[in-house]
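Look over the sequence and the model below before reading on. The paragraphs that follow go from a loop to a helix pair and then to the cores.

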Amino acid sequence: MTAREFERIYMKQYMPLCMYALRITEDMSMAQDVVQNSFMRIWDMIREGYEIKALEKYMFMTVRNAALQQLRCDSRYLPISEDEGDVSEEEIDTAERDARLWKAIDAMPPRRREIFLMSKRDGMTYSAIAEELGLSVKTVENQLAKATSSLRANPRILTFILPFF
């Protein structure tokens with residue numbers, strides 16, 4: 001495998017792997033570190049001549065194991081037990097779906113994204129959002145309608161039921 005091919009895989013899998021690691025660690029910074037370190041380990045193995053047949057699944061297993069190991073070493077966390085077995089296709093699909101969703105949310109205009117997250121992630125009411133941001137309730141409603149519409153119009157997002165709705 002060439003460095004260029006590995007870079008393409010990195011660009012495609014980085015965000016889904018981060019979403020997967022985030023589900024385990026519940027800490028985005030830790031999840032990103034785990035994924036970065038996992039990619040480095042896998043690249044070192046490839047450079048040493050190891051052939052990895054199911055690279056995507058191997059990446060998810062490597063990230064899972066590294067995330068669990070990181071949690072075990074971090075004194076802020078209680079001891080955890082490691083689930084035995086493979087990473088399921090469902091776990092991979094969920095991580096990829098989450099990555100697509102967050103990419104679509106990140107593509108929203110900043111104010112619309114802020115309003116959307118305050119409503120859906122933080123559970124704030126329209127009036128509370130309007131008050132905090134100094135907007136009218138109608139503006140908040142319009143921005144949320146546009147945000148929802150843009151997510152529903154995205155064919156890659158429509159392949160699953162949005163967890164926010």
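Where is the place of glutamate 26? Glutamate 26 lies in the loop between α1 (3-25) and α2 (28-47), where helices are DSSP runs of H or I with at least four residues, numbered from the N terminus. This is a predicted model, in which local features need pLDDT of at least 70 and side-chain atom pairs count only at pLDDT 80 or more, while totals for chains, interfaces and linings use all residues. Residues are numbered from 1 along each chain as its sequence is written, and side-chain values use heavy atoms, without hydrogens and water.

Phi of glutamate 26 is near 60°, a positive value in a residue other than glycine. With a relative accessible area of 71%, glutamate 26 is exposed (over 50%, with a 1.4 Å probe and protein chains only).

Two packed helices are described by the angle between their axes and the distance between the axes. The axes of α4 (residues 89-106) and α5 (residues 110-120) come within 9 Å and cross at roughly 130°. That makes α4 oblique to α5 (oblique covers angles outside under 35, 65 to 115 and over 145 degrees). Trp102, Ile105 and Asp106 of α4 meet Arg113, Phe116 and Leu117 of α5, contact being heavy atoms within 4.5 Å.

The largest nonpolar core (buried residues, under 20% relative accessible area, joined through side-chain atoms within 4.5 Å) has 25 residues. Among those with the most contacts inside this core are Phe6 and Met59. α2 gives the most to this core, with eight residues. Phenylalanine 6 touches residues including Phe39, Ile42 and Met59. A second, separate core of 15 residues includes Leu117 and Ile129.

How values were computed. Helices (H or I, at least four residues) and strands (E, at least two) are DSSP runs, numbered from the N terminus. Axes are lines fitted to C-alpha atoms, for helices over the stretch in contact, and angles run from 0 to 180 degrees between N-to-C directions. Lists of a residue's contacts leave out its neighbours within four places in sequence.
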